Amino acid sequence: MYHQATWDEPLIIEKSQAGKRGHSPAGPSDTERKIAGDLGDAVPSALRRNGLPPLPEVSEPEVIRHFVRLSQENYSPDLGIYPLGSCTMKYNPKSAELAVQTHKLEKLHPEQDESTVQGMLALLYRLDRILAEITGMSRMSLQPAAGAHGEYLGCLIIRSHHRSRGEREKRTEMIVPDSSHGTNPASAAMAGFKVMVVPSNSEGMVDLDELRKLAGPNTAGLMITNPNTLGIFEKNILEIAKTVHQAGGLLYYDGANFNPLLGKVRPGDMGFDIVHLNLHKTFATPHGGGGPGAGPVGVTKELERYLPVPLIGFDGKKYFYDYNVPDTVGKIRAFHGNIGILVRAYAYIMSLGAEGLKTVAETAVLNTNYILSRILASGTYDLPFARARKHEFVLSAKKLYDSTGVRAMDLAKRMLDKGVHAPTTYFPQIVDEALMVEVPETESIADLDQLVEALLGVYREAETNPELVKDAPHYASVTRIDDVKASHPKTLTLHWNNPSVSKDRQVSNEEMPSQESKSGLTSPPSR
């Protein structure tokens with residue numbers, strides 16, 4: 001399956017021609033003119049625009065065709081397999097989409113009186129109860145907008161917990177594994193903790209001896225996901241929890257890797273005190289492109305007192321906003337969370353039921369291990385920390401790099417030429433030349449085989465023709481960029497100049513990128 005772009009789509013501003021219009025709105029009324037004048041007079045002259053903004057002057061068909069062409073250069077789970085490790089980029093059922101595409105939802109306003117939104121409050125209350133049951137927690141906050149946001153809330157709860165015990169000043173350290181997601185240490189640092197890294201042992205799991213050395217009177221908690229980012233289930237999780245709790249710390253569960261646990265194991269039963277779930281990974285919301293997302297946080301009974309307000313309560317007759325949270329950390333997001341994402345998750349869970357969720361986990365693990373077994377049988381990539389994996393695995397292309405100079409990133413770029421999205425590269429950093437593969441439950445055997453053939457195909461090409469792989473991709477709409485130069489502020493200079501745009505609407509060099517650099521290239525891409 002190959003895709004070769006047949007156009008080099010210009011910037012929308014490059015289509016601009018003076019006088020073109022896509023829409024001619026009715027002129028403002030006298031009242032609107034007066035309001036605009038009053039507002040204009042209130043703006044200091046130094047802040048007023050002296051001319052029209054440099055917007056493109058294009059027709060409606062040009063706008064539509066431009067953005068449709070751009071969309072055709074994108075890749076998504078709706079088009080094919082998307083094996084990004086630790087991201088769970090699975091196809092999302094359109095029934096969940098239909099659940100939010102209703103006027104009953106779009107007409108709601110978050111500031112309506114609670115008596116007028118009983119249906120929505122009932123849904124949120126039930127979702128709270130369902131997610132709490134799935135995770136083994138006591139109560140959930142649905143406010144967090146993403147996983148990292150949930151992590152930050154979890155760190156605030158840990159901080160408040162220790163403060164209430166008079167130990168905030170000494171509980172300054174947050175432990176994270178060396179294979180953890182980067183947001184774990186970032187969230188801990190944002191909450192004011194010093195990050196302590198516990199190494200992995202030879203099996204790719206938390207080194208218990210090293211954890212015991214780190215855990216002590218300064219420990220606030222441990223942030224960990226299970227299975228970990230190598231796809232290995234931490235078989236010593238009960239001992240890990242015991243070690244942290246005996247030191248006086250709390251255990252935080254990063255829910256990014258929750259897909260293989262659905263209906264099988266609950267974090268609460270492993271000893272976790274706080275859990276976040278990525279609804280935009282496991283529970284039916286399209287993931288990627290920067291959002292939107294939702295990262296609900298669940299806590300044990302002891303920690304409910306710190307959750308953000310309001311929670312959703314039910315008195316047996318009506319649902320209501322519950323502000324009775326004595327030591328709340330406060331609101332962490334406007335209103336009640338990303339409602340559309342929460343509704344999708346509720347629809348997804350209700351459509352599958354308990355047995356369906358369990359099947360999701362089983363199929364995801366089966367798919368991933370099918371791919372892994374085929375790759376290991378090929379004698380190509382290495383698998384560090386060799387043992388059974390759950391939902392994902394991390395291959396190493398170090399052997400190939402040493403013999404050919406072809407790196408994991410080169411292999412990933414070449415996979416794009418095969419019509420398959422590449423795995424995650426260079427993560428976790430404890431694996432040299434890492435390719436991190438996760439295959440969710442939604443893929444068919446044909447999709448799995450296509451991914452295997454792409455992974456093996458690019459490896460064998462690298463062995464026989466390294467330069468072909470190093471120069472990839474060859475068929476994508478944008479060829480290889482200089483990653484270092486593109487991200488360095490002293491070498492990245494953006495210019496744009498278009499003589500077709502009328503002089504009074506010309507954009508300065510500092511305002512727009514050049515045709516050469518719009519794709520991060522120093523010269524136009526070859527075709």
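Ala, Val, Leu, Ile, Met, Phe, Trp, Tyr, Cys and Pro count here as nonpolar, Asp, Glu, Lys and Arg as charged, and the others, Gly among them, as polar. With that division in hand, the lining of the largest pocket separates into 16 nonpolar, seven polar and four charged residues. The structure is a predicted model, and what follows leads from this pocket to the helices beside it and then to a cavity.

The largest pocket has a volume of about 780 Å³, and of the 27 residues that line it, Glu-73, Tyr-75, Leu-416, Ala-476 and Ser-477 are the closest to its centre. The largest share of this lining, five residues, is contributed by helix 14, which makes that helix a convenient place to continue.

Helix 14 spans residues 408-417, and its axis comes within 9 Å of the axis of helix 15, residues 445-464, the two crossing at roughly 125°. Because angles over 145 degrees count as roughly antiparallel and those from 65 to 115 as roughly perpendicular, this arrangement makes helix 14 oblique to helix 15. The crossing of these two helices is right-handed. On the side of helix 14 the contact is made by Leu-411, Arg-414 and Met-415, while helix 15 brings Leu-451, Ala-454, Leu-455, Val-458, Tyr-459, Glu-461 and Ala-462. Sorted by class, the residues of this contact are eight nonpolar and two charged, with no polar residue.

Helix 15 also meets helix 12, and here the axes come within 10 Å and cross at roughly 30°. Since an angle under 35 degrees counts as roughly parallel, helix 12 is roughly parallel to helix 15, and their crossing is right-handed. From helix 12, Asn-367, Tyr-370, Ile-371, Arg-374, Ile-375 and Ser-378 take part, and they meet Ile-445, Leu-448, Asp-449, Leu-451, Val-452, Glu-453, Leu-455, Leu-456 and Arg-460 of helix 15. Leu-451 and Leu-455 of helix 15 thus appear in the contact with helix 12 and also in the contact with helix 14. The contact of helix 12 with helix 15 holds nine nonpolar, two polar and four charged residues.

Helix 12, which covers residues 339-378, has a further partner in helix 5, residues 118-135; the two axes come within 10 Å and cross at roughly 50°. This angle makes helix 5 oblique to helix 12, and helix 5 passes helix 12 in a left-handed crossing. Helix 5 takes part through Met-120, Leu-123, Leu-124, Arg-126, Leu-127, Ile-130, Leu-131 and Ile-134, and helix 12 through Ile-339, Leu-342, Val-343, Tyr-346, Ile-349, Met-350 and Leu-357. By class this contact has 14 nonpolar residues, one charged residue and no polar ones.

Helix 5 leads in turn to an enclosed space, for a search of the whole structure finds one cavity of 30 Å³ or more. The largest cavity has a volume of about 100 Å³, and its lining consists of Leu-124, Asp-128, Met-140, Ser-141, Leu-142, Gln-143, Pro-310, Leu-311, Ile-312 and His-336. Two or more of these residues come from each of helix 5, strand 1 (139-141) and strand 8 (311-314). Leu-124, which lines this cavity, is also one of the residues through which helix 5 touches helix 12. The cavity lining divides into six nonpolar, three polar and one charged residues.

Methods: Residues are numbered from 1 along each chain as its sequence is written. This is a predicted model: local features need pLDDT of at least 70, side-chain atom pairs count only at pLDDT 80 or more; totals for chains, interfaces and linings use all residues. Side-chain values use heavy atoms; hydrogens and water are left out. Axes are lines fitted to C-alpha atoms, for helices over the stretch in contact, and angles run from 0 to 180 degrees between N-to-C directions. Helices (H or I, at least four residues) and strands (E, at least two) are DSSP runs, numbered from the N terminus. A crossing is left-handed if the near helix is turned anticlockwise from the far one by less than a right angle, and right-handed if clockwise. Contact means heavy atoms within 4.5 Å. On a 1 Å grid over the protein atoms alone, a cavity is a set of points where a 1.4 Å probe fits but cannot get out, and a pocket is an open set with protein on both sides within 12 Å along at least five of seven lines; lining residues have an atom within 4 Å of a point. Grid points are joined across faces, edges and corners, and a volume is the space filled by probe spheres set on the points.
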